[in-house]
Amino acid sequence: MSATKLAPRDQGAPDYIKCLHPAMVKNYGKWVEHERIRPGVLVYTAENGDKLYTVRAGSPRTMSPTTVRKICDIADRYCDGFLRFSMRTNVEFSLTKEEDIEPLIEAIKTELGFPIGGTGASISNIAHTQGWLHCNLPATDAAGAVKALMDDLIEEFENENFPNRVKISTSCCQINCGRHSDIAIIVQHHHAPRINHNNMQICELPKVVAICPAAAIRPSVVNGNPTVEVVDEKCMYCGACHGQCPSMEIRDADTDTLSIWVGGKGANTRGGPSLMKLAVWGLPNNPPRWPEVSEAVRTILNAYREGAQDWERVGEWIERIGWQRFFEKTGFTFTKYHIEDGPNAMWTYNRSTHVRI
Amino acid sequence: MANKQDEKGTNNPGLNTPLLDELEDGPWPSFVSDLKQWSETKPQVAQLLNQLEESYENRWNYWTGTVLNVSGYGGGVIARLSDKADKYPDLAEFHTIRVIPPPGFVYSTERLRNLADICERHGAGILQLHGLTGDALALGFDNESTFEAAEELMANGWDLGGSGAALRSLQCCVGQARCEMACFDTMKTTRGLTNHYIDFLHRPEFMYKFKIKISGCANDCANAMIGSDMPIIGTWRGPMQIDQQKVAEYIDEKGVEHVIDNVITRCPTRCLSLKGKELVVDDENCVRCMHCINVMHKALLPGKDRGVTICLGAKRTLKIGDTMSSVIVPFLKLETEEDFENLTDLIDRVWEFWNDNGMDHERIGEFIARVGLGTFLEGCGLEPDPRMVQSTRTSPYINFEELAPGRFEGESEQQPKVWNREPESSEAAG
């Protein structure tokens, strides 16, 4: 070890007060109402009448320092040198002068090329994962898939034309870091992992055996070396072992496909949080633009917009009209693979005579 | 945007990315265009794009994960080695540093520029704002520059985020800084918990990861309910605040049918009704879902006696299937130092029981599913509360500790207990 003096450790989270717009510091906890002036632009009013305008812009999440500095330049010019990022990687510019809204939007559009929107009943920016850019497990890309999809959906980002907000996520492996969303795109694998028996010494074999949710992995010996084997009939191709041990290769460029899941919701509003369910499977993993995915997402969105009542999220709409109608209206095919076979399977069957005939 | 086509490409002769170039078209901002231009400053970014291009061409990934730790830390660096290091030498070591952002992802431009400057100085400079982990991500450091960047980051008041089997970087919504619906101070709670538990965040010692996300109200803008092991969600006691004048104005503006269809009938517990233009609430049955407040947000606000509901257990599907969060503390005030101590006391108990009894790689939701919520509560010293369940049980097979008859003498010493009592009559036996 060098004798260099180390910087202070364990400082924790930075002081947010120093990162807040002065109007937020002044009115912290004293806001009384908000209004969406138009898509992407909100105004918040404090109890003393102070107003704070916020303009939301869609970012590509992955940015060079040049782009980050351009964001800062704009925030310096219009927002007293403060800004915020939203949960879905939008940039939020807050300002107190109403007359600066238009010049700010103009600056965002021309200097950054970011669209304005993502508020209310729109499609917000897509929550996504790391993909081929920097993850060790992905079977598809994330940032590129999001770019391709948002190119197609940008007008839905810039307008509020749905019954309620639509959150979309993508995930590049079956671990599904993109999480539950109204519409989620997930990669799926279709055969058991291929084992590199020559490279098993890098893995902790008991952990590899223990992590399998299907108890399909058991110890084995190949060429005198300890390794594992996979019982093909038990394997459900989840890739849990691949995350534990890189020598258990689950991905297959020739056979991996994409699937689309619908109806996930995190908010506690109305019926509370809900899990997403399978809508479409077997779509090709087709970079650089994944047109089949865009088309299927568009089909779901169109049916949702046409059929849902105000405030119904995608899952609530499907719950009301039933899955039979969902498949009718989207034109997708219901198959035996749509029927749950996991531990809670029976609770997902129709356990009544309530049938739309 | 019209001349986007003309902007394609850079002066970097090393770039060869025909497939990625297709992602420069279209109206959404392109990370490819941005990184291509940046590759003129940082040649390793050209190698990154070229490798990404090969991924697009072959639908294959070329990163291998490894472990690298900054002195004193057991996480915070996501270390990656390229499988194509022969071809792309600058990617041989190409790590991500997770940085704890200010709670709520708020920045002064001074702080954000500082972050960008440090990351540019030591690495490829690529920033991701933010990862789903709740961190600001900085990409592209080799082993040595990871250490250098980390030191400079820490010298400038930044700290590394969580990774591995540790407390992960906490996340919260904008909260009271800019939202009238926030029922408690999400930013203060996030910073308070981060700093209180910073040891657990930096030095992995859990069964597996533990995520805390914090939302000011049930709308859950921080995606806590389905995306964290411990969602802390703002709520209130007693009636919500109603401005009946503004209710009447809303009805005048939108019409009574609109209000019935979008507010009254959408209440999950059917506790709303209209009496003329007055909104009547069955306060006792309001579950604080926020729907009516969202719709009539100028007329309605959360009640004044505010606090949080704390849940436990959400994670995505690996390995036992999805687990959703469920209520563990129906209501807790979170205003004073003492309130905060109640929260940390709860977290301490939960962590202790989970880590003493959990299995390797077992998230807390999986652990609760395995041992049962009743056992879990007992283990943590928490009282069962009907608000923790949707219904009581349906299975009649229960070990009622109070009702079980005494065992034969000496049996209680046996481990495990063995039930070997004979039938009382031979008839019963026959």
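This tour moves through a predicted model of two chains, A and B, stop by stop.

**Stop 1: the contact between the chains**

Begin by displaying chain A and chain B together. The contact draws 94 residues from chain A and 104 residues from chain B. On the side of chain B that touches chain A, select helix H5 (residues 109-122) of chain B, which contributes the most, with 8 residues. If this side of chain B is coloured by residue class, 49 nonpolar, 33 polar and 22 charged residues appear.

Next, select strand E4 (residues 62-63) of chain A and strand E5 (residues 126-128) of chain B. These strands pair in the antiparallel sense over 2 bridges. To find one such pairing, select A:Thr62, whose bridge partner in E5(B) is B:Gln128.

**Stop 2: a sheet built from both chains**

Now select the strands of an open sheet, which has 6 strands in the order E1(A)-E2(A)-E3(A)-E6(A)-E5(A)-E4(B). The pairing in this sheet is antiparallel. Which strands stand at the edges? They are strand E1 (31-38) of chain A and strand E4 (106-108) of chain B; each has a single partner strand, so one side of each is left without a neighbour in the sheet. On average, neighbouring strands of this sheet are turned by 25° against each other, direction ignored. As general background, strands of a sheet pair through backbone hydrogen bonds, either parallel or antiparallel.

Within the sheet, select strand E2 (residues 41-46) and strand E3 (residues 51-58) of chain A, an antiparallel pair with 5 bridges. A:Leu42 may be labelled here, with A:Thr54 as its bridge partner in E3(A). Then add helix H3 (residues 101-112) of chain A, which packs on the sheet and touches E2, E3 and strand E6 (90-95) of chain A. The direction of helix H3 makes about 20° with that of E3(A).

**Stop 3: the domains of chain A**

Colour chain A by its domain assignment: domain 1 (16-112), domain 2 (131-189 + 253-348) and domain 3 (194-249). The centres of domain 2 and domain 3 of chain A, taken over C-alpha atoms, are separated by 31 Å. Where these two domains touch, 5 residues of domain 2 are in contact with 5 residues of domain 3. The side of domain 2 that touches domain 3 has 3 nonpolar, 2 polar and no charged residues.

**Stop 4: backbone details in the loops**

The last selections concern peptide bonds and phi angles. Most residues other than glycine have a negative phi, and most peptide bonds are trans.

- Select A:Pro287 and A:Pro288: the peptide bond from the former to the latter is cis, with omega near 10°. A:Pro288 lies in the loop between strand E14 (277-284) and helix H7 (291-307) of chain A.
- Select B:Leu318 and B:Lys319, which are joined by a cis peptide bond with omega about 0°. B:Lys319 is in the loop between strand E14 (305-312) and strand E15 (326-332) of chain B.
- Select A:Arg270, where phi is positive, near 50°. This residue lies in the loop between strand E13 (257-262) and E14 of chain A. Is A:Arg270 buried or exposed? A:Arg270 counts as buried because 20 C-beta neighbours lie inside 10 Å.
- Select B:Arg59, where phi is also positive, near 45°. The loop that holds B:Arg59 runs between helix H4 (43-58) and strand E1 (63-66) of chain B. With 19 other C-beta atoms within 10 Å, B:Arg59 is partly exposed.

Notes
Residues numbered from 1 in each chain as written. Chains lettered and ligands numbered in written order. Predicted model: local features only at pLDDT ≥ 70, side-chain atom pairs only at ≥ 80, totals over all residues. Contact = placed C-beta atoms within 7 Å. Helix = DSSP H or I, 4+ residues; strand = E, 2+ residues; numbered from the N terminus. Nonpolar A, V, L, I, M, F, W, Y, C, P; charged D, E, K, R; others polar. Pairing = 2+ DSSP bridges. Domains from an automatic or database assignment. Axes fitted to C-alpha atoms, helices over the stretch in contact; angles between N-to-C directions. Buried ≥ 20, exposed ≤ 12 C-beta atoms within 10 Å, placed from the backbone.
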